[in-house]
Amino acid sequence: MAASSSRNGANVLDLKCDHFVEPQGDQRASIVWLHDKDGNFSDSVQYVKSLKLKNVNWICPPIVYTNTSYDFGSNIKENDREALDSAAKYVADILLREPLDVVKGVGGFGMGAVVALQFATNCALGHYPINPRVVVGINGWLSIVGSITSSIEYTVGAVARAATQRIFFTCGTEDRLLPYTREEEVLESLGEAGYGQVSLSIYSWLSNEHHLHIRDMLKLWLELKLPITQTPPLR
């Protein structure tokens, strides 16, 4: 399967879902993990393996991001939005093929984080018949122009869907929190939009030590938000 958007803006090309890190034991969650624009699917596979979450089925599709004019820019153009929506819909198509009785989630680095957050917003707005419980954006930024709150408030059922999502979001101080400029604005906007829980961490700079710390925080956060550490009842 492939998806693309190519009108003078950002393109998401050659989306193929061939790469998995299968659960060890019962599958209790399915999470799509998206690499950054300069990375590849093997980076995703290596990272999710390092989390050592045995009951998660990780899906790490290779994605090609080209002409990302909204990368650290001040405005999101309409064709850029179409490219993001195309990628977000592909994530939805992947997760809709997963078992109905497992928890769904999405995450990624950089541009992958942008797509993950776009997917979460589109789910809250009811664009797809699915809603992720966990959403992770590492070294990403918000791509939403204008107020998130107004979009959620004026869409039937959106507040309830947003309330069930849990968001883990990190970025460096040099990354743009578009269209916001301060941590407080991000938290306030997401809170007003009705998102249930938002964990936001800002780092002055990201060393290898910080990356390891973020990984450990994410592992603990996922263990708390997902039904993956439950002990089966004795028989």
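**Strands, cores and side-chain pairs in a predicted model**

In this predicted model, strands β3 and β4 run parallel to each other and are joined by four bridges. One of the pairings involves Ile 31, whose bridge partner in β4 is Trp 58. Strand β4 also pairs with β2, which covers residues 20–21. That pairing is antiparallel and has two bridges. Here Phe 20 stands opposite Ile 59 of β4.

Strand β4 spans residues 56–59. Its side chains point in two directions: Val 56 and Trp 58 go one way, while Asn 57 and Ile 59 go the other. All four residues are buried.

Helix α1, residues 41–51, completes a unit with the two parallel strands. Together, β3, α1 and β4 make a right-handed β-α-β unit. The buried residues of α1 are Ser 44, Val 45, Tyr 47, Val 48 and Leu 51. Just after this helix comes Lys 52, with a positive phi of about 55°. Most residues other than glycine have a negative phi. Lys 52 has its positive value although it is not a glycine. Lys 52 lies in the loop between α1 and β4. Its relative accessibility is 67%, so Lys 52 counts as exposed.

The interior was examined next. In soluble globular proteins, nonpolar side chains tend to be buried together. The largest nonpolar core of the model has 38 residues. Those touching the most other members are Val 32, Leu 34, Val 91, Val 106, Phe 119 and Tyr 195. Several elements each give at least two residues to this core: β3 (29–34), α2 (78–96), α3 (111–124), α5 (158–163), β8 (166–172) and α6 (183–192). The largest share comes from α3, with nine residues. A separate core holds 25 residues, among them Val 45, Val 136, Phe 168 and Leu 222.

Leu 34 shows how one core residue meets others from elsewhere in the sequence. Neighbours within four places in sequence are left aside here. The remaining contacts of Leu 34 include Ser 44, Pro 61, Ile 63 and Tyr 65. Val 91 and Val 106 are also in contact with Leu 34. Further contacts of Leu 34 are Gly 107, Gly 108, Phe 109, Gly 112, Val 115 and Ala 116.

Aromatic rings were considered as pairs. The whole structure contains six aromatic pairs. One of them is formed by Trp 33 and Tyr 47, which are stacked. Their ring centres are 5.5 Å apart, and the planes differ by 25°. Trp 33 belongs to strand β3 and Tyr 47 to helix α1, so this pair ties together parts 14 residues apart in sequence. Both Trp 33 and Tyr 47 are buried. A second stacked pair joins Phe 119 and Tyr 128, at 5.8 Å centre to centre and 15° between the planes. Phe 119 is buried, with a relative accessible area of 0%. Tyr 128 is buried too, at 12%. Trp 33 and Tyr 47 also belong to an aromatic cluster with Trp 58 and Phe 109.

Charged side chains were searched in turn. Three salt bridges are found in the whole structure. In one, Lys 89 meets Asp 93, with the closest N and O atoms 3.3 Å apart. Both residues lie in helix α2. They are four residues apart, about one turn of the helix. An α-helix has 3.6 residues a turn, so residues three or four places apart point the same way. Lys 89 is partly exposed, with a relative accessible area of 44%. Asp 93 is partly exposed as well, at 22%.

Another salt bridge links Lys 219 and Glu 223, with an N to O distance of 3.3 Å. These two residues are four apart in helix α7 (residues 208–225), so about one helical turn separates them. Lys 219 is partly exposed, with a relative accessible area of 24%. Glu 223 is also partly exposed, at 24% relative accessibility.

A further salt bridge joins Arg 215 and Asp 216, whose side chains meet at 3.4 Å, N to O. Arg 215 counts as partly exposed at 24% relative accessibility. Asp 216 is partly exposed, with a relative accessible area of 43%.

Notes
Residues are numbered from 1 along each chain as its sequence is written. This is a predicted model: local features need pLDDT of at least 70, side-chain atom pairs count only at pLDDT 80 or more; totals for chains, interfaces and linings use all residues. Side-chain values use heavy atoms; hydrogens and water are left out. A nonpolar core is a set of buried Ala, Val, Leu, Ile, Met, Phe, Trp, Tyr and Cys residues joined through side-chain atoms within 4.5 Å. Buried means under 20% relative accessible area, exposed over 50%, partly exposed in between (1.4 Å probe, protein chains only). Contact means heavy atoms within 4.5 Å. Two strands pair if DSSP finds at least two bridges between them. A crossover is right-handed if, with the strands pointing away from the viewer, the path from the first strand over the helix to the second runs clockwise. Rings of Phe, Tyr and Trp (its six-membered ring) pair if their centres lie within 6.5 Å; planes under 30 degrees apart count as stacked, over 60 as edge-to-face and the rest as tilted. A salt bridge is a side-chain nitrogen of Lys or Arg within 4 Å of a carboxyl oxygen of Asp or Glu.
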